[in-house]
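Let us walk through this structure one strand at a time. Keep the coordinates open and follow along.

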Amino acid sequence: MDMLIGLVAGALVAGVAGWLAGLRRGRTAGPQTGASGGSGASGPVSVEDVQAYAESVKRLSEVVTPVWSAHVESSRVQMGESINDLIGTFGGIVSHLNEIVDPSREAMSEAYRDVFDYSRERLLEVVGSLDNALTAKRQTLSELRLLMSLNDEMRSMTTEVTRIAEQTHLLALNAAIEAARVGEAGRAFNVVAVEVRQLADMSGTTGARIGRKADEVSTAITAAIDMAEESARNEDHLVVDANEKVREVLDDLHAVVVGLRESGDQLSAAAEGVKSELESSIVLFQFQDRVSQTLEHVRDCIDALPVQVERSLAEAAPVPTPLDPDGLLEMLQSTYTMAEEHEVHSSGAPVDVHDTEITFF
Amino acid sequence: MGKTILVVDDSASVRQVVGLALRGAGYDVIEGVDGVDALSKLDGRKVHLIISDVNMPRMDGITFVKETKKLAAYKFTPIIMLTTESADGKKAEGQAAGAKAWVVKPFQPAQMLAAVSKLILP
């Protein structure tokens, strides 16, 4: 657009200058045709005609060129503000991506790992507690079996005691018979034999009672062992089942954690891609600075036109002096800062923007 | 604490683009809208490098470089000129004023960051 305005302005300046130069030649060389004079009528051109045309040119420069200039400036400012806003918005997005994605990737991985580790520890603690309980139960069972073994020994001992008591009773009976046979001399011995027999009877009775109690204890221990073994078998199954379930839960949890981590990584990679694209896009917005400068130069050149027209009309009234399009172009060229502006000026065609050029001193 | 770079340009868009590239590389960035404003930012704070435009209102970049070199605290602060100007005469002016590099816009962030990394004070 800036180049178009520049070309239009240049063409206008050149056209007006040429027309006025023609008029000047006409004043000395005779009447001009409409084709060369541009008045649309043949015959002599009067000073009043020239003054009227000059006045229209003056009005053109006073009325039209400020509008051109205002449009150029308005476009330049609007573009600048919009590009600034866009860069700000893009920059904000990049900044948010930096703030959110980068820490979240680390934090998410940390959080996943922490949750998994914590869950595994807690679940293993539960399984460990079950294992400990089962171990304690096995120890109790072992103690019960030992107790059973001791009780069996005790039962055996009571049988022995009963047998000894029976033999003692038999010996005491024999002693009593022998005492009776020897008469008075054996009376005292008979008393001892009777006492021994009574003691043997009491020992036998006590041994029998101990044997019965041992049988009862044995029955109770056997029942306890049966119950403990049944319980241990059940708890064995429970622990095995719990271990299996914990392993399944941990496997599931691990799969979820891995899935979340992979999703997070994919999200991060996508965000990185978006960020990179945005950063590349932001760099392209540098065109605004170059276009703005070019528009400024064109605007200044347009603003110079009314001044030149004013000067042309004031210097040689009633017939104006020719305008100076070459001077105007030189002025425009002198404002150029970019190589591209010079190239466009000389070629009259769009050119590509040059690559970055760095010179170290 | 990151190193600080002063970016001087009357174009807000250029300041933003340069600022984004530098901040993305971990530098702290302060901005000046022209030479006068930039000189007011050289208030004793540590500035490790300056990137300045050439054509600016109130005080142009070449004058700004000359004024900066008069300040004892910033006499040795490296300055990169970032401008659309590519004329050799202007480059010679920048070199004579004390600039260390001349980058013609549009710049590529990677190249700019390489130049910054090469010149910035330790």
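Start at strand β3 of chain B, residues 49-52, in this predicted model. Both of its faces are covered. L49(B) and I51(B) are buried on one side, and I50(B) and S52(B) are buried on the other. A residue is called buried here when its relative accessible area is under 20%.

Now look sideways from β3(B). Strand β1 of chain B, residues 4-8, pairs with β3(B) in the parallel sense, over four bridges. Here I5(B) stands opposite L49(B). Three bridges join β3(B) to β4(B), and these two strands also run parallel. In that pairing, I50(B) has I79(B) of β4(B) as its bridge partner. How does the chain get from β3(B) to β4(B)? The path goes through helix α3 of chain B, residues 61-69, and this β-α-β crossover is right-handed.

The loop between β3 and α3 of chain B holds R58(B). Its phi is near 65 degrees, a positive value in a residue other than glycine. Is R58(B) buried or exposed? With 64% relative accessibility, R58(B) counts as exposed, because the cut-off for that class is over 50%.

Move on to β4(B), residues 79-83. Four bridges link this strand to β5(B), and the two run parallel. L82(B) has V103(B) in β5(B) as its bridge partner. Helix α4 of chain B, residues 88-97, completes a β-α-β unit with β4(B) and β5(B), and the unit is right-handed.

Strand β5 of chain B spans residues 101-104, and both its faces are covered. A101(B) and V103(B) are buried on one side. W102(B) and V104(B) are buried on the other. Just beyond, in the loop between β5 and α5 of chain B, lies P106(B). A cis peptide bond joins K105(B) to P106(B), with omega about 0 degrees.

What does β5(B) pair with in chain A? Strand β1 of chain A, residues 357-360, is joined to β5(B) by four bridges. This pair runs antiparallel. The bridge partner of F360(A) in β5(B) is A101(B). Both pairing senses rest on a common principle: strands of a sheet pair through backbone hydrogen bonds, either parallel or antiparallel.

Return to β1(B) for the remaining pairing. Five bridges join β1(B) to β2(B), in parallel. V7(B) has E31(B) as its bridge partner in β2(B).

Now assemble the sheet. Six strands form an open sheet in the order β1(A)-β5(B)-β4(B)-β3(B)-β1(B)-β2(B), with mixed pairing. Which strands stand at the edges? They are β1 of chain A and β2 of chain B, residues 28-32. Each has a single partner strand, so one side of each is left without a neighbour in the sheet. On average, neighbouring strands of this sheet are turned by 20 degrees against each other, direction ignored.

Step back to the chains. Chain B has five helices and five strands. Along the sequence they follow the pattern β-α-β-α-β-α-β-α-β-α. Of its 122 residues, 55% are buried. Chain A has seven helices and one strand. Its elements run α-α-α-α-α-α-α-β from the N terminus on. In chain A, 28% of the 361 residues count as buried.

One loop residue of chain A deserves a look. Q286(A) sits between α4, residues 187-284, and α5 of that chain. Its relative accessible area is 4%, so Q286(A) is buried. I87(A) is 199 residues away from Q286(A) in sequence, yet their C-alpha atoms are 9.9 Å apart in space.

Finish at a pocket. Rolling a probe the size of a water molecule over the atoms shows where empty space is left. The second largest pocket holds about 350 Å³ of space. Its lining has 19 residues, and R76(A), S292(A), E296(A), D10(B) and S11(B) lie nearest the centre. Which elements each supply at least two lining residues? They are α3 (47-181) and α5 (287-315) of chain A, together with α1 (12-24) of chain B. The most comes from α5(A), with six residues. By character, the lining divides into three nonpolar, ten polar and six charged residues.

Key
Residues are numbered from 1 along each chain as its sequence is written. Chains are lettered from A and ligands numbered from 1 in the order in which they are written. This is a predicted model: local features need pLDDT of at least 70, side-chain atom pairs count only at pLDDT 80 or more; totals for chains, interfaces and linings use all residues. Side-chain values use heavy atoms; hydrogens and water are left out. Buried means under 20% relative accessible area, exposed over 50%, partly exposed in between (1.4 Å probe, protein chains only). Two strands pair if DSSP finds at least two bridges between them. A crossover is right-handed if, with the strands pointing away from the viewer, the path from the first strand over the helix to the second runs clockwise. On a 1 Å grid over the protein atoms alone, a cavity is a set of points where a 1.4 Å probe fits but cannot get out, and a pocket is an open set with protein on both sides within 12 Å along at least five of seven lines; lining residues have an atom within 4 Å of a point. Grid points are joined across faces, edges and corners, and a volume is the space filled by probe spheres set on the points. Ala, Val, Leu, Ile, Met, Phe, Trp, Tyr, Cys and Pro count as nonpolar, Asp, Glu, Lys and Arg as charged, and the others, Gly among them, as polar. Axes are lines fitted to C-alpha atoms, for helices over the stretch in contact, and angles run from 0 to 180 degrees between N-to-C directions.
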